Amino acid sequence: TADGLAVTEGRTWRTLPGSRQAQYMALAEDDQGALWAGTIAQSAGQTCLVKVEHDRLRAADIRNLPRGASVTSLLWQPGQGLWIGTYGLYRLPLGAREALPVAVPGWEMEHSVTALARDGQGGLWVGGSAGLAHWDGQSWAVLPRSALKDGIMDLASTGPGEAFFCYRGTP
């Protein structure tokens with residue numbers, strides 16, 4: 001949303017104090033109930049990952065994320081940590097302060113990652129400007145971008161090896 005980060009408590013909602021300064025693109029809840037939020041970059045040096053605890057927002061001090069790049073997708077994987085989609089794919093292991101870049105075969109780190117989904121068996125679906133990829137915990141399977149003209153907008157997994165996705169363009 002462009003107007004802050006909102007929370008609902010039953011039939012009412014409110015905007016979290018201090019959240020109107022950013023546009024939010026992605027949300028994920030971790031094992032401790034804290035909320036992670038990805039924002040659109042407003043300046044070159046901005047940190048675009050925010051952690052929300054007890055209605056308080058703070059920039060996540062995570063090393064190795066590209067500065068000034070919007071965080072467009074987030075996914076918490078229980079027992080493993082946070083997957084971060086921005087220009088490229090990153091993984092923040094449990095308790096770590098440094099994001100690890102994740103190489104997807106045939107994708108460059110400047111490709112935007114716009115969608116993430118778990119497959120129910122510990123695997124991960126990744127969608128973005130480079131197409132669609134699936135990590136089964138051992139290896140990657142990549143659907144060529146030529147089949148998906150302008151990339152993936154969102155996706156959901158319905159089970160092992162199967163995903164539904166929204167895309168731009170004509171396959």
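Here are a few short exercises on a predicted model, each with a worked solution.

**Exercise 1.** Work out which kinds of secondary structure the protein chain holds, and how many of each.

*Solution.* Start with the helices: the protein chain has zero. Then turn to the strands, of which there are 16.

**Exercise 2.** Find out how the radius of gyration of the protein chain stands against that of a compact globule.

*Solution.* Begin with the chain length, 171 residues. For that length, a compact globule would have a radius of gyration near 16 Å. The protein chain has 16 Å, so the value agrees with a compact globule. To add the dimensions, the C-alpha atoms fill a box of roughly 45 × 35 × 30 Å along the principal axes.

**Exercise 3.** Describe the burial and the surface of the protein chain.

*Solution.* First, 42% of the 171 residues count as buried. Next, the exposed area comes to about 9200 Å², and carbon and sulfur atoms supply 51% of that area. Lastly, look at charge: the mean positions of the 14 positive and 16 negative charges are 6 Å apart.

**Exercise 4.** Classify the aromatic pair in the structure, then decide for each partner whether it is buried or partly exposed.

*Solution.* The structure holds one aromatic pair. Its partners are Trp135 and Trp140, with 5.3 Å from centre to centre. Their planes make an angle of 45 degrees; stacked needs under 30 and edge-to-face over 60, so this pair is tilted. Now for accessibility: buried means under 20% relative accessible area. Trp140 has 18% and is therefore buried, whereas Trp135, at 23%, counts as partly exposed.

Notes:
Residues numbered from 1 in each chain as written. Predicted model: local features only at pLDDT ≥ 70, side-chain atom pairs only at ≥ 80, totals over all residues. Heavy atoms only, no water. Helix = DSSP H or I, 4+ residues; strand = E, 2+ residues; numbered from the N terminus. Rg over C-alpha atoms; globule rule 2.2 N^0.38 Å. Buried < 20%, exposed > 50% of the residue type's maximum accessible area, 1.4 Å probe, protein only. Areas by Shrake-Rupley, 256 points an atom, 1.4 Å probe, with all protein chains shown as cover. Lys, Arg positive; Asp, Glu negative; His and termini not counted. Charge placed at Lys NZ, Arg CZ, Asp CG, Glu CD. Phe/Tyr/Trp six-rings, centres within 6.5 Å; stacked < 30°, edge-to-face > 60°.
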